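This report walks a new reader through the fold shown below, beginning with a single residue and widening from there to the sheet, the helix that crosses it and two polar sites.

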Amino acid sequence: LELRTGDRLLDLGADLTWSTHQMARCGLDCCAVDINHHLSVGRLFEAHSGVVYHRVRANMRDVPFRAGIFDVILAMNALHHAERIEPVAANIARMLKRGGRLAFVEPYCATEEAKAAFGRAQIEAGISEQTYLLHEWHRAFVDAGLRLHVMRVSDSFSAIYERADGAD
């Protein structure tokens, strides 16, 4: 990610904010976003380390930050909870500075059958669970104005996308 002290980092789907706290400890100006009530756990991390970061309860689809404000957006196993990835990808691209990067780790499916079965138990319990085929993940980010920087496919899809220089 080529992080530099003072970079602004948005941690989407931050849940308990552990990753946000770790990045803030490295000197980044961090903001944790999640729709759930777990963000308050961040106060414990802050009290323990003295490192302060922002916490915002919001839906990742329409996080209300200014355009071009973040150097890095991090999403660790969070994007597949969005009802649709396209509006989330568009909002991510909107919030990134030119040359800013999105880093994520997400589940993916290799077949339409696996995609249809993904998260069935969680869906039945009322949890939003979606995933995509690799080309669908990729297409959502490219259509939003991001370009692939690096990726790794194993039992998950890990990638870094960069906001293209010509993106609006």
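## Leu102 and the nonpolar cores

In this predicted model, Leu102 touches Ile73, Ile92, Leu96, Phe141, Leu146, Ala159, Ile160 and Tyr161, when residues up to four places away in sequence are not counted. Leu102 also belongs to the largest nonpolar core, which has 30 residues, and is listed with Leu12, Ile73, Leu79, Ile92, Phe104 and Phe141 as the residues that touch the most other members. The elements that contribute two or more residues to this core are strand E1 (8–12), E2, E4, H3, E5, H6 and E7, and among the contributors H3 gives the most, with six residues.

Another core, of eleven residues, lies apart from the largest one and includes Met23, Val72, Leu74 and Ile160. As a general background, nonpolar side chains tend to be buried together in soluble globular proteins.

## The seven-stranded sheet

The strands form an open sheet of seven, in the order E3-E2-E1-E4-E5-E7-E6, and their pairing is mixed. Its edges are strand E3 (54–57) and strand E6 (146–153), each of which pairs on one side only, and the twist from one strand to the next averages 15°.

Within this order, E1 and E2 are paired in the parallel sense over five bridges, and one bridge places Asp11 with Ala32 of E2 as its partner. Because four of the five residues of E1 are buried, this strand is largely enclosed by the rest of the structure.

## Strand E7 and its two partners

Towards the other end of the strand order, E7 has partners in both E5 and E6. Strand E5 (residues 96–106) and strand E7 (residues 157–163) run antiparallel and are joined by six bridges; along this pairing, Arg101 stands opposite Glu162 in E7, while Val105 stands opposite Ser158 in E7.

The pairing of E6 with E7 is also antiparallel, over seven bridges, and a hairpin of three residues connects E6 to E7. Here Met151 stands opposite Ala159 in E7, a residue that is also among those touched by Leu102. Six of the seven residues of E7 are buried, so that the strand is mostly covered.

## Helix H6 across the sheet

Helix H6 (residues 134–143) lies across E5, E6 and E7, and runs at about 15° to E7. Which residues of H6 are buried? They are Trp137, Ala140 and Phe141, and because they cover an arc of only 90° around the axis, they fall on the same side of H6. These buried residues pack against helix H3 (85–95), E5, E6 and E7, and one of them, Phe141, is also among the residues that touch the most other members of the largest nonpolar core.

The face of H6 that is turned away from its buried side carries His135 and Asp143, which are exposed. Just after H6, Gly145 adopts a positive phi of about 100°.

## Two buried polar residues

Is Asp71, a residue of strand E4, buried or exposed? Asp71 lies in strand E4 (residues 70–76), and it counts as buried because its relative accessibility is 15%, below the 20% cut-off. Its side chain reaches the backbone nitrogen of Arg8 at 2.7 Å and makes a polar contact with the side chain of Lys97 at 3.3 Å. Leaving aside neighbours within four places in sequence, the residues in contact with Asp71 are Asp7, Arg8, Leu96, Lys97, Gly100 and Arg101. Of these, Leu96 is also touched by Leu102, and Arg101 is the residue that stands opposite Glu162 in E7.

Asn36 sits elsewhere, in the loop between strand E2 (29–34) and helix H2 (42–49). Asn36 counts as buried because its relative accessibility is 19%, which is under the 20% cut-off. With neighbours within four places in sequence left aside, Asn36 is in contact with Asp15 and Arg57.

Definitions and conventions: Residues numbered from 1 in each chain as written. Predicted model: local features only at pLDDT ≥ 70, side-chain atom pairs only at ≥ 80, totals over all residues. Heavy atoms only, no water. Buried < 20%, exposed > 50% of the residue type's maximum accessible area, 1.4 Å probe, protein only. Polar contact = N/O pair within 3.5 Å; in protein donor to acceptor, adjacent residues only side chain to side chain. Contact = heavy atoms within 4.5 Å. Pairing = 2+ DSSP bridges. Axes fitted to C-alpha atoms, helices over the stretch in contact; angles between N-to-C directions. Arc of directions from axis to C-beta. Core = buried A, V, L, I, M, F, W, Y, C linked by side-chain atoms within 4.5 Å.
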